[in-house]
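Please look over the sequence and the structure shown here before reading on. The briefing that follows is grouped by topic.

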Amino acid sequence: MADETQPSTSLAHNILPLILENGDNYGYDDRLGLREPNNPDAGRKRIIVEFGSPSIAKPFQAEHMRSAILGGFIANLYERAGWEVIRMNYLGDWGKQFGVLGVGFTKFGAQDALQQDPIAHLFDVYMKTIALGRKEQGTIENMRDAISTGESQGHSMGDMERKLKSLEANSVGERAREYFERMCEGDEEALSLWKKFRDLSVEKYRASFARLNIHYDIYAGESQIKDESLQEVEELMVEKGVSEMSNGAVLVDLTKYSQRLGKVIVRKKDGTSNNLTRDIGAVFERDEEYHYDKMIYVSASQQDIHMAQLLKIIELIGRKDLADKLEHVNFGQVVNNISTGRGTVKSLDDFLRVAKEKVYILMGANKAKYEQVEDPEQFADILGISAFMVQYMASKRIDGYAFDTKRMLSSEGDSGLYLQYSYARLCSIVREADIPPEHLEEADLSLLQEKHATAIVQRLAQWPEVFQTIFKNKEPATVLTYLWRLTHALSSSYEHLNVLDSEPELKLARLTLYSCVRQVLSNAMRLLDLTPLERYQTRQP
């Protein structure tokens, strides 16, 4: 960290002009992304960050939200370090659930509802179809019991057995299996409906993630892994003596290397591949297409074993070079205590709507200030999302935590609302001072003698080193800890570093200091995908 014994005026003369000169780039080191540190002409390294990765037609879980927020931060981090970043959302867009959807959409689907909100509607169709399947299964089990009882008593159960076979053949489960089988065989009608589901869902995801300032370069998915890639992986496993047959399935025994890794199936008895095999195939395909130097997977710690198995198998089949490029950035479990009057939180939009509604409640406590907001819809959206995202990033990655709505809405403690208030107050001071930005370079920084000015300058000087730290630990909580310390120093300074009522030279010096704080706050907040608000009209009563 910066030397706290260094005189404030000397440090101020070094740091504040540097912030003014570099602006949005202050604190970042794009040399970290060079293939050759001393030769920019050699090009930049390329990284794929896979994050978010929800499954279409299934609930958007808290772990998907944390993956999206953390992954967006990591992508920003590498971009600011000079890497070429490819942001990838690897969707769960293949599997039997699409057989369930194909069967269920004819009964429960509606084209208008699908167009309006595809993710919510497909989830609704999926759940209704699953419920119908469970009801049918209950009837089937009851008939099986009745047949067994009747036969044990010597009764002829032929009619009931025929009814049972008909029920089984026409059950949701059997029809879903057949529908997905048609998809796998390339049936045009089945694939056309699946493609429509996928395309509309991706379009909706793009819009929803954009509200979080998160964008993706690629929406990939399980469906896009080529059969040739899977075949290549399986042939390598056989060639290297890695896989073996077991009861009709193909498995890899990793207990030879670690009991923790266990024995893992790579091809099921019915001949279909599983997630692990497809993930290995994806590693090969992405290497061939993107020639990445590194690939990071951002997912919950529950995926630790899966990722360890993935890396070990890739190493065993002779591609340690690829395994060494892969990294799993994990995070702890989130207990979702978020409730909504409309029922279960089942989509990304549900999460964002709840955050917005909570802010509206807070704004309603002071209607006079609420009426001053130029665009209350956008204001509540940005503020709610800021509060929401900070909650997800405030703890260390690996720590599990329970989501706390009360803490999320606090504008007095370390929260997203407090950050926004701190930034907006600085913007207000800059506006009221009414001094053109180009005049800041003329400030006499030797006038910044107060200990509160010294404390702020020292914090500003620490930002480049903080960036180096977070590039290594990938902890958004480290950024937030820095922001809390900076905003606390800022808050305690206002009483002692008055800008508006000071003499012109002192006014300019102090305004320069606060303008630099505003710049660094903006840089750090944007690294976290937060949109800094220049006006803040809401405070708790």
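**Charges over rings**

The charged end of Arg425 lies over the ring of Tyr494, at 3.8 Å from the centre of that ring. This is a predicted model, and the points below should be read with that in mind.

- A second arrangement of this kind involves Arg319, whose charged end sits over the ring of Phe284, 5.7 Å from the ring centre.

**Aromatic pairs**

- A pair of aromatic rings is described by how far apart the centres are and by the angle between the planes.
- Counting rings whose centres lie within 6.5 Å as paired, the structure has 14 aromatic pairs.
- One of these is formed by Tyr216 and Tyr219, which meet edge-to-face, with 5.3 Å from centre to centre and 65° between the planes.
- Tyr216 counts as buried because its relative accessible area is 6%, and Tyr219 is likewise buried, with a relative accessibility of 8%.
- Ring pairs also join Tyr216 and Tyr219 with Phe51, Tyr205 and Phe209 into a cluster.

**Nonpolar cores**

- In soluble globular proteins, nonpolar side chains tend to be buried together.
- The largest nonpolar core in this model holds 118 residues, and the residues with the most contacts inside that core are Met65, Phe209, Leu460 and Trp463.
- Helix α20, which covers residues 504-527, contributes the most to this core, giving twelve residues.
- Residues of this core come from both domain 1 (8-43 + 347-528) and domain 2 (45-93 + 211-332), so the core lies between the two domains.
- Leaving aside residues up to four places away in sequence, Met65 touches Phe60, Leu212, Leu348, Phe351, Leu352, Phe388 and Tyr392.
- Another core lies apart from the largest one and has 36 residues, including Ile225, Leu261, Leu316 and Leu326.

**A buried residue in helix α2**

- Ile74 belongs to helix α2, which runs over residues 62-80, and Ile74 counts as buried because its relative accessibility is 0%.
- When residues up to four places away in sequence are not counted, Ile74 touches Val49, Ile296, Val298, Val329 and Lys474.
- Ile74 and Phe60 are 14 residues apart along the chain, and their C-alpha atoms are separated by 21 Å.

**An annotated region**

- An unreviewed UniProt entry places the feature "domain: DALR anticodon binding" at residues 419-536.
- Over residues 419-536 the chain is 66% helix and 0% strand, while the C-alpha atoms at the two ends are 11 Å apart.

Key. Residues numbered from 1 in each chain as written. Predicted model: local features only at pLDDT ≥ 70, side-chain atom pairs only at ≥ 80, totals over all residues. Heavy atoms only, no water. Phe/Tyr/Trp six-rings, centres within 6.5 Å; stacked < 30°, edge-to-face > 60°. Buried < 20%, exposed > 50% of the residue type's maximum accessible area, 1.4 Å probe, protein only. Lys NZ or Arg CZ within 6 Å of the ring centre and 35° of its normal. UniProt positions renumbered as here; feature names shortened; annotations may be inferred. Helix = DSSP H or I, 4+ residues; strand = E, 2+ residues; numbered from the N terminus. Core = buried A, V, L, I, M, F, W, Y, C linked by side-chain atoms within 4.5 Å. Domains from an automatic or database assignment. Contact = heavy atoms within 4.5 Å.
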